[in-house]
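Subject: Structure for you to look at

Hello,

Here is the structure I promised. Please open it first, then read my notes beside it.

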Amino acid sequence: MMRDEKGMMTPELRAEIDAILTASGNDGSKLVGILLDIQDIIPMHYIPEEVAYYLAEKLNVKVSNVYDVISFYASLYDRPRGQYPIQMCESIVCGVNDNGFVFATLQEMLGIGLNEATADGKYYLECVPCFGACDVAPAVRVNGKVYGHLNSREKIEAMLAELV
Ligand code: FES
């Protein structure tokens, strides 16, 4: 499906956003879920300013309310991340299973630091709290999919190879 690479409002994206709003009943009290759903369909996985203003208008709320929600929820972002935001678990079980190896290896392989994107916008690295995949620690999550047991370079390479 055609979408502007910067996440701008193409007619197709606007139609998808309208479908999400309709499914929510255009209910401003469901703003968190609406924003999460929209963030999923934006290519760089964030809420562009143009989209925030559009939602405020459609839901009849202040744009400051939209930004209050985005800034309050750690899972919402107002800046471009990447096509594949790699969420590295920083919680205790992954910690005792050497998530430091995962952090260091991904940073070395991708040539980026924490909260940075590769130059082509493909990968973005971030740390997040436990997302419930402790049984396969150390784990990362990318666009909702969990990759576990990442305790070797080969497994990390295989994970990256899937993100195409
Ligand atoms: S501690 Fe890492 S997924 Fe739970």
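Helices and strands here are DSSP runs, numbered from the N terminus, with at least four residues for a helix and at least two for a strand. With that numbering, Ser 29 sits in the loop that links helix 1 and helix 2. One caution before the rest: this is a predicted model.

Stay with Ser 29 for a moment. Is Ser 29 buried or exposed? A residue counts as exposed if 12 or fewer other C-beta atoms lie within 10 Å of its own. Ser 29 has 11 C-beta neighbours inside 10 Å, so it counts as exposed. Now look across to Leu 59. Ser 29 and Leu 59 are 30 residues apart in sequence, yet their C-alpha atoms are 9.2 Å apart in space.

Next, the helices on either side of that loop. Helix 1 covers residues 11–23 and helix 2 covers residues 31–41. Their axes come within 10 Å and cross at roughly 155°. Angles over 145 degrees count as roughly antiparallel. Helix 1 and helix 2 are therefore roughly antiparallel to each other. The crossing of helix 1 past helix 2 is right-handed.

Which residues meet there? From helix 1 come Glu 16, Ile 17, Ile 20 and Leu 21. From helix 2 come Ile 34, Asp 37, Ile 38 and Ile 41. Sorted by class, this contact has six nonpolar residues, two charged and no polar ones.

Helix 2 has another partner, helix 4 (residues 63–72). These axes also come within 10 Å, and they cross at roughly 75°. That angle makes helix 2 roughly perpendicular to helix 4. Here Leu 31, Val 32 and Leu 35 of helix 2 meet Val 66, Val 69 and Ile 70 of helix 4. This contact has six nonpolar residues, no polar and no charged.

Now the nonpolar cores. The largest has 18 residues. Which of them touch the most other members? They are Ile 86, Met 88, Val 102, Leu 106, Ala 139 and Val 140. Three elements give two or more residues to this core: strand 1 (84–89), helix 6 (99–110) and strand 2 (123–128). Strand 1 gives the most, with four residues.

Val 140 is a good one to click on. Set aside its neighbours within four places in sequence. Val 140 is then in contact with Ile 86, Gln 87, Met 88, Cys 89, Val 102, Tyr 147 and Leu 150. Apart from this core lies another, of 17 residues. Val 51, Leu 55, Val 66 and Tyr 77 are among its members. You have already met Val 66 in the contact of helix 2 with helix 4.

Last, three spots in the backbone.

- The peptide bond from Ala 137 to Pro 138 is cis, with omega near 0°. Pro 138 lies in the loop between strand 2 and strand 3 (140–142).
- Asp 98 is not a glycine, but its phi is positive, at about 65°. Its place is the loop between helix 5 (92–96) and helix 6. Asp 98 has 14 C-beta neighbours inside 10 Å, so it counts as partly exposed.
- Asn 143 is a residue other than glycine with a positive phi, near 45°. It sits in the loop between strand 3 and strand 4 (145–147). With 12 other C-beta atoms within 10 Å, Asn 143 is exposed.

Best wishes

Methods: Residues numbered from 1 in each chain as written. Predicted model: local features only at pLDDT ≥ 70, side-chain atom pairs only at ≥ 80, totals over all residues. Axes fitted to C-alpha atoms, helices over the stretch in contact; angles between N-to-C directions. Parallel < 35°, antiparallel > 145°, perpendicular 65-115°, else oblique. Left-handed = near helix turned anticlockwise from the far one by under 90°. Contact = placed C-beta atoms within 7 Å. Nonpolar A, V, L, I, M, F, W, Y, C, P; charged D, E, K, R; others polar. Core = buried A, V, L, I, M, F, W, Y, C linked by C-beta atoms within 7 Å. Buried ≥ 20, exposed ≤ 12 C-beta atoms within 10 Å, placed from the backbone.
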